[in-house]
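Let's take a walk through a protein together, one stop at a time. Have the structure ready to turn, and look for each part as it comes up.

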Amino acid sequence: MTKKEPLILAVDTSCDDTAAAILQGRTILSNVIASQTQLHKQYGGVFPTVAKQAHKENIAPTILAALKRAKVSWEDVDALAVTVGPGLAPALEVGITAIKELAIEKKLPLIAVNHIEGHAVSAIALRKTKITEDKSPVQKKESKINFPVLSVVVSGGHTQFIYFEEIGTYRILGTTIDDAAGECLDKIGRMLNLGYPAGPIIEKFAKLGNPKAIEFPLPMTSVKTYDMSFSGMKTFARNYIQRITEEKSLVKQAIYDFCASTQYAVFRHIIYKLNKLLEDIKISEIWLGGGVAQNVYLRQTIREAAKNHSIGKANKIIFRYPHTNKLCMDNAAMIGLVANFKFERGEFVSDFSKIDRKPRWEIGEKL
Ligand code: KG4
Ligand code: ZN
């Protein structure tokens with residue numbers, strides 16, 4: 001194939017999905033995910049040693065599937081990329097070991113990537129649209145990026161507002177001080193035996209319920225920072241369910257109302273802090289990322305916030321979110337995307353023996 005931009009093979013094994021992808025520049029050629037959701041369902045969360053074993057079994061076939069689906073061979077690959085953190089240490093180890101071995105065997109440069117940076121930029125990954133005669137992917141005409149950008153990462157492990165004036169240099173403006181938003185939805189869903197992960201089920205049920213039926217507390221309103229907290233909502237939910245179920249069992253409509261109210265409360269808190277931030281700081285674009293970014297109601301409310309803080313056409317805040325749901329959840333395409341920017345900047349791992357897991361690696365922190 002004719003090469004225009006670097007072709008990168010990326011891997012992510014940070015949590016419970018074994019993922020591999022091929023990117024050419026910002027364009028995704030393949031994005032393969034071997035999900036372990038069914039395996040972990042019985043535990044109601046991710047069990048690290050089970051995840052590690054499953055990653056070991058899945059990693060080689062997932063990488064081969066990514067190459068095959070992208071219709072490329074090893075000779076086409078210019079660099080390898082892997083998530084080194086944050087995530088579960090035993091799970092991260094599997095991806096790092098596999099990519100290190102491949103980098104040595106295939107004599108390819110290696111790029112270490114932060115998983116949250118992947119979620120933070122996932123909104124600008126491009127889909128492969130057409131294959132031209134020279135078989136190179138034609139990218140959708142990409143609109144120019146206007147900085148500063150605020151990434152809103154909402155996942156099962158993180159809830160953060162990340163500010164940047166260029167890709168690669170990040171500042172966390174606000175973060176949850178306890179549970180992540182997705183974690184909160186999953187924990188509340190568990191109280192009602194909704195199944196795991198509960199986020200998508202809560203979204204489905206919320207469509208049938210009244211979001212104002214139960215009034216959850218709005219946390220951190222007297223705190224001036226853009227930090228968030230979701231553990232109080234969890235406690236409120238537990239107390240409420242206990243009190244109600246003492247008297248009667250929850251009928252279907254009561255569950256729908258409860259889900260609608262929970263979803264409303266979790267997102268109201270994020271939007272409250274986002275609005276505050278947009279009042280104080282000039283932002284040109286908002287990029288949403290992370291598993292919870294699949295939620296249509298969350299997208300709507302962020303789009304509204306962006307619109308409300310846009311002043312005329314000249315200062316319109318552009319809102320972007322990933323072009324497929326697969327790019328919201330844990331995936332390797334977003335890791336390949338970050339690696340593409342690092343490739344351009346020449347940020348490679350020079351000594352393979354030094355690359356190790358960084359389970360608590362914050363975005364913006366040096367490797
Ligand atoms: O990004 P992700 O796949 O994994 C982490 O890095 O955490 O996010 C998983 C989280 C789970 O908490 C799940 O409940 C939530 O994303 N989630 C949703 C939806 N789909 C997934 N939350 C709300 N609405 C959804 N549609
Ligand atoms: Zn994630």
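## A walk through the model

Let's begin inside a helix: Thr-262 is found in helix α8. Keep in mind as you look that this is a predicted model. Is Thr-262 buried or exposed? The computed relative accessible area of Thr-262 is 1%, and because buried means under 20%, this residue counts as buried. What does Thr-262 touch, once its neighbours within four places in sequence are left aside? The contacts are Leu-185, Ile-188 and Phe-216.

Helix α8 also leads us to the largest nonpolar core, which has 49 residues. Those with the most contacts inside this core are Leu-150, Val-152, Phe-161, Phe-258, Leu-274, Ile-286 and Ile-302. Two or more residues each come from β8, β9, α5 (181-191), α6 (199-206), α7 (231-247), α8 (252-280), β11 and α9. Which of these elements gives the largest share? That is α8, with twelve residues. A second core, separate from this one, has 35 residues, and Ala-120, Ile-124, Val-153 and Leu-337 are among them.

Now turn to the strands. A reminder first: strands of a sheet pair through backbone hydrogen bonds, and they may do this in a parallel or an antiparallel way. Here, five strands make an open sheet in the order β10-β9-β8-β11-β12, and the pairing is mixed. At the edges stand β10 (169-175) and β12 (318-320); each has a single partner strand, so one side of each has no neighbour in the sheet. On average, neighbouring strands of this sheet are turned by 20 degrees against each other, direction ignored. Helix α9 (residues 296-308) packs on the sheet, where it touches β8 (149-154), β11 (285-289) and β12. The direction of α9 makes about 170 degrees with that of β11.

We can follow the pairing across this sheet. Strand β9 (residues 159-166) runs antiparallel to β10, and five bridges join the two. One residue to look for is Gln-160, whose bridge partner in β10 is Thr-175. Further along, β8 and β11 pair in the parallel sense over five bridges. Leu-150 stands opposite Ile-286 in β11, and both of these residues are among those with the most contacts inside the largest core. Next, β11 and β12 also pair in the parallel sense, over three bridges, with Glu-285 opposite Ile-318 in β12.

Pause at β11 for a moment. How many of the residues of β11 are buried? Five of its five residues are, and both faces are covered. Glu-285, Trp-287 and Gly-289 lie on one side, while Ile-286 and Leu-288 lie on the other.

Strand β2 (residues 17-24) offers a similar exercise in looking at both faces. Eight of the eight residues of β2 are buried, so this strand is largely enclosed by the rest of the structure. On one side you will find Asp-17, Ala-19, Ala-21 and Leu-23, and on the other Thr-18, Ala-20, Ile-22 and Gln-24.

Which strands pair with β2? One partner is strand β1 (residues 7-12), joined to β2 by six bridges and running antiparallel to it. Val-11 has Ala-20 as its bridge partner in β2, and a hairpin of four residues leads from β1 to β2. Another partner is strand β3 (residues 27-35), joined to β2 by eight bridges, again antiparallel. There the bridge partner of Thr-18 is Ala-34. β2 and β3 form a hairpin with two residues between them, and Gly-25 in the turn has a positive phi of about 60 degrees.

Our last stop is the zinc ion (ligand 2). Which protein atoms are its donors? They belong to His-115 (NE2), His-119 (NE2) and Asp-330 (OD), lying 2.1 to 2.2 Å from the zinc ion. In sequence, these donor residues are spaced H-x3-H-x210-D. Both His-115 and His-119 lie in helix α4 (residues 115-121), four residues apart, which is about one turn of the helix. His-115 and His-119 are also both buried. The angles among the four donor atoms of the zinc ion run from 91 to 136 degrees, and the site is irregular.

Technical notes
Residues numbered from 1 in each chain as written. Chains lettered and ligands numbered in written order. Predicted model: local features only at pLDDT ≥ 70, side-chain atom pairs only at ≥ 80, totals over all residues. Heavy atoms only, no water. Pairing = 2+ DSSP bridges. Axes fitted to C-alpha atoms, helices over the stretch in contact; angles between N-to-C directions. Contact = heavy atoms within 4.5 Å. Core = buried A, V, L, I, M, F, W, Y, C linked by side-chain atoms within 4.5 Å. Buried < 20%, exposed > 50% of the residue type's maximum accessible area, 1.4 Å probe, protein only. Donors = N, O, S within 2.8 Å, 3.2 Å for Na, K, Ca; no water. Tetrahedral: all angles 85-135°; square planar, octahedral: opposite > 155°, others 65-115°.
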